[in-house]
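Biologist: Before I rely on any label attached to this model, I would like to hear the reasoning behind it. Please take me through a few of them.

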Amino acid sequence: MTRELRPATIASHAAGAVDPQSGGVVPPIQPATTFMRDENYALIRPDNVYSRDQSDTVRMAETVLRKLEQAQDTLLFPAGMAAIAAVFRTLRAGDTAIIQSGIYWGTTKWVRDFCARRDVTLYEVDASDLPALQAVCTAQKPALVFVETPSNPWLKIVDIKAAAQAAHAAGGILVVDATAATPILMQPLALGADIVMHSASKAINGHSDVLAGVLSTNTPDAPIWDMIKADRHDAGAVLGPFEAWLLIRGMRTLPLRVERMTQNTEALAAFLHAHPMVEDVFYPGLPHHPGHAVAAQQMSGYGSLMSVLVKGGKDDALRIVGKLQLFMRATSLGGVESLVEHRHTIEPHTGIPENLIRVSVGIEDIDDLIADWTEALG
Ligand SMILES: *Cc1c(COP(=O)(O)O)cnc(C)c1O
């Protein structure tokens with residue numbers, strides 16, 4: 001077929017990953033770390049020498065992601081954090097970087113430590129406040145601007161097109177952590193981002209059983225992309241073939257899962273927002289959300305992550321979380337099973353409200369999910 005395939009078709013067929021040798025409709029796992037040469041010492045496959053970082057199984061998973069992202073090149077890493085680290089390790093001593101404030105705590109913590117050790121000047125700014133972001137870019141001329149949208153757990157929305165313009169005008173590049181959106185709901189590269197990053201441990205894999213991270217770009221000839229590729233190959237932050245194989249399997253249903261999770265979240269967010277025990281709901285799909293208009297423009301759905309502020313304090317939030325039966329009390333997001341987390345307990349010193357419950361909505365029946373919250377809220 002000459003027509004460009006849609007995401008559901010690409011994912012369901014794993015971008016054509018079959019086993020030509022056996023005729024199997026699913027690809028095999030190739031666990032070899034090393035690859036043979038023939039009697040003339042020529043490699044049997046010139047692109048396979050050693051599995052740091054040459055693996056057909058990893059390449060297949062990357063192909064699916066590259067097509068879903070409509071990117072020109074895609075690299076998998078053994079965790080989302082490994083992907084983020086590979087980006088920041090391209091900075092030189094004396095460079096300046098900007099990260100969005102109030103994002104995934106693991107990113108903030110690692111980037112702060114890294115920049116302090118490597119003599120990189122770091123500014124943290126609320127990137128959902130566009131004039132604030134533009135002002136820091138103009139004044140500080142960052143080499144790298146890193147934003148996360150929708151952000152976790154505040155669900156702030158960054159205008160990617162405007163952020164890319166601000167970063168580029170300052171001579172820097174824009175990297176977007178789009179984990180909460182997935183490549184199905186948002187494509188930052190088309191909006192001007194230089195690199196898009198996802199923790200594939202979340203909705204991309206979707207079954208809470210693989211750790212992985214991914215970077216994609218539409219400028220594979222840019223110097224930063226060369227450095228990132230060399231860093232992965234030379235420093236060895238590579239995904240194993242078993243994890244890549246599970247990822248290929250999980251991604252077959254990615255568009256389907258995202259569709260159902262988004263529908264469920266929209267319904268649950270509206271229900272909770274109208275509930276007398278709820279003070280506020282942070283979800284970009286709700287019309288009162290400050291980022292709603294930008295989200296409506298740059299996303300084709302609002303995703304499966306939200307935060308609920310319940311009326312009362314810490315004890316009230318913990319009591320409600322303790323009463324939930326379907327929503328499991330565990331960190332992480334994007335899986336087929338619904339999860340809740342009391343973020344303040346996990347990171348007490350980062351300004352997370354004590355009455356905030358972060359919610360990741362799965363693919364369960366929405367009536368069951370609403371019934372669970374109805375009982376828990378009392
Ligand atoms: C989980 C997460 C990460 C880190 O990914 P890991 O795969 O856990 O290393 C980064 N950013 C966001 C938004 C996340 O949710």
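Modeller: Helices here are DSSP runs of H or I with at least four residues, numbered from the N terminus. The model is predicted. V18 is found in the loop between α1 (7–12) and α2 (56–69).

Biologist: Why is V18 called partly exposed?

Modeller: Its relative accessibility is 42%. Buried requires under 20% and exposed over 50%, with partly exposed in between, so V18 counts as partly exposed.

Biologist: What makes V18, V25 and V26 a patch?

Modeller: Patch members need over 30% relative accessible area and no salt bridge, and nonpolar side chains are joined within 5 Å. V18, V25 and V26 form such a nonpolar patch on the surface, and together they have about 260 Å² of accessible area.

Biologist: Why does A17 count as buried?

Modeller: A17 also lies in the loop between α1 and α2. Its relative accessibility is 6%, and the limit for buried is under 20%; therefore A17 counts as buried.

Biologist: Which residues does A17 touch, leaving out those up to four places away in sequence?

Modeller: They are V25, V26, P27, M60 and R252. As for M60, its C-alpha atom is separated from that of A17 by 6.4 Å, although the two residues are 43 apart along the chain.

Biologist: How do you know that the ligand has a polar contact with the side chain of D177?

Modeller: A polar contact is a pair of N or O atoms within 3.5 Å. A nitrogen atom of the ligand is 2.6 Å from an N or O atom in the D177 side chain, so the pair qualifies. The protein covers 93% of the 380 Å² of accessible area that the ligand has on its own.

Terms used
Residues are numbered from 1 along each chain as its sequence is written. This is a predicted model: local features need pLDDT of at least 70, side-chain atom pairs count only at pLDDT 80 or more; totals for chains, interfaces and linings use all residues. Side-chain values use heavy atoms; hydrogens and water are left out. Patches are made of residues with over 30% relative accessible area and no salt bridge: like charges are joined within 9 Å, nonpolar side chains (Val, Leu, Ile, Met, Phe, Trp, Tyr) within 5 Å. Accessible areas come from the Shrake-Rupley method with a 1.4 Å probe; for residues, only the protein chains shown count as cover. A salt bridge is a side-chain nitrogen of Lys or Arg within 4 Å of a carboxyl oxygen of Asp or Glu. Helices (H or I, at least four residues) and strands (E, at least two) are DSSP runs, numbered from the N terminus. Buried means under 20% relative accessible area, exposed over 50%, partly exposed in between (1.4 Å probe, protein chains only). Contact means heavy atoms within 4.5 Å. A polar contact is a pair of N or O atoms within 3.5 Å; within protein, one must be able to donate a hydrogen and the other to accept it, and residues adjacent in sequence count only if both atoms are side-chain atoms.
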